[in-house]
Amino acid sequence: MRSVLAGLAAISLAVSACGRGSDDIRRTSASHELMRVGDSVLTRGDVEVQIPGGLSAEDSARMFDAIAETWLERSMLVDMAGSNIPDLDKIDRMVEQYRLQLLANEYRRAMARDHAKEISQDSIKAYYEAHPEQFMLDEPALKGIYVKVSAQAPQLDRLRKWMKDAHPSDIDALETYGLKGAMEYDYFGDTWVDWHMVADRIPYRFGDAGSFVESHNMFETESDGTVYMLRILDYVPSGQIMPIELAQSEIADRLTESSLQDYDRQLLLGLYARGVRQKRIVPGSYVPVKYRGGMSGNKQ
C-alpha cells in the first residue's frame, strides 16, 4: 500500500510542478482523482489543502503520503462498517451530539474571549490580603545573584569580591568586566524567585533550605572545573507569607477563572430568559434548578 501511495504522491507533486503556468491546469490537477472507496473520492486538492507551505519536496511528499494513507484506511473501515455494524443510528446520534457540543463550547469560548476582563493590581492585592493562608511558602523565596563560570576564568578573585560586596558599583563591574567567559549569569536582586529555581542549577546538596539561607549570604562550590556562586541579597523563610510578586500570577489566574465562571452563568441565564420571552424555550414539567429563578439575566 505504501509504495502505491508514494507513487501517487510523486505523481501529484509532478503534476503540481508542471501546472504552475496555467490556472486551468492548476484547477484540473487539483480535482484530479487519486483514489476511490465506495462512493468516496480523494482528490489531489483534498490532500494538498492540508499540507502547510514552506516544506521541502521530501517533507511534502511524506506528508502527502501520510494524509492519503489515513484517508484510505479510514474510508476502507467506514465502507466495511456500513455492512457490519448493526446500530449505525446510534453512531449517527453520537456524532450529532458531539457536533452540537462542539458548537456550544465554541460559542461559550467566543463569548468569554469577548467579555474577558483585565485583572487590576488592586484586585490582586485585595485577594492577597484577604487570603494570606493560601500563600504560605513551602520553601524560601530569594533575591540575589547567581554565576556559573569556569574555574580558570580571568579575574575570578575579583568576581568573588564583586559578588560578595554587591553594591551597585560592584554589580556594574561584575557585568562589565567579570563575566567574560561566564557560562551562566542571573541577577534577580529586584525579583523574588523560589528557592528551587536557583538550587536546581547548582550541583550541591544543600540539605534544609531554610537553615541554608539563614546561615549563608555568599555561597560557592566547584564541580568538574566549574565554579558556582550564589549571593543571597534578601530572603523570606519558608512558613511565611510569600511576597505578592510571587503570588500575583496565580491570583490573576484565579480571578480570571472566577470572572469567566460568573460571566458564563450570566450568559446561560440570559439566554434562557431571552428564549422564554421569545417562546423559543417552553418550560415543561421540569426546569433544572439553575433556571428556576425566573426571567432575570443578561441579554445576549
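This short presentation describes one strand with its neighbours, and then a pair of helices, in a predicted model.

Good morning, colleagues. Allow me to begin with strand E6, which covers residues 226-236. How many of the residues of this strand are buried? The count is 8 of 11, and the strand is therefore largely enclosed by the rest of the structure.

Let us turn to the partners of E6. Strand E3, residues 141-150, pairs with E6 through 10 bridges, in the antiparallel sense. As one example of this pairing, Lys143 has Asp234 in E6 as its bridge partner. Strand E5, residues 218-223, also runs antiparallel to E6, and 6 bridges join the two. Here Met218 stands opposite Arg231 of E6.

What do E5 and E6 form, and how many residues lie between them? They form a hairpin, with 2 residues between the strands. In the turn, Asp224 has a positive phi of about 55°.

I now move to the helices. Helix H7 spans residues 156-165 and helix H8 spans residues 168-178. Their axes come within 8 Å and cross at roughly 150°. An angle over 145 degrees counts as roughly antiparallel, and H7 and H8 are therefore roughly antiparallel to each other. Their crossing is left-handed.

Which residues meet in this contact? From H7 come Leu159, Trp162, Met163 and Asp165, while H8 contributes Asp170, Ala173, Leu174, Tyr177 and Gly178. By character, the residues of this contact comprise 6 nonpolar, 1 polar and 2 charged.

To close, I would recall two points: E6 is largely enclosed, since 8 of its 11 residues are buried, and H7 and H8 cross in a left-handed manner. Thank you for your attention.

Conventions
Residues are numbered from 1 along each chain as its sequence is written. This is a predicted model: local features need pLDDT of at least 70, side-chain atom pairs count only at pLDDT 80 or more; totals for chains, interfaces and linings use all residues. Side-chain values use heavy atoms; hydrogens and water are left out. Buried means under 20% relative accessible area, exposed over 50%, partly exposed in between (1.4 Å probe, protein chains only). Helices (H or I, at least four residues) and strands (E, at least two) are DSSP runs, numbered from the N terminus. Two strands pair if DSSP finds at least two bridges between them. Axes are lines fitted to C-alpha atoms, for helices over the stretch in contact, and angles run from 0 to 180 degrees between N-to-C directions. Angles under 35 degrees count as roughly parallel, over 145 as roughly antiparallel, 65 to 115 as roughly perpendicular and the rest as oblique. A crossing is left-handed if the near helix is turned anticlockwise from the far one by less than a right angle, and right-handed if clockwise. Contact means heavy atoms within 4.5 Å. Ala, Val, Leu, Ile, Met, Phe, Trp, Tyr, Cys and Pro count as nonpolar, Asp, Glu, Lys and Arg as charged, and the others, Gly among them, as polar.
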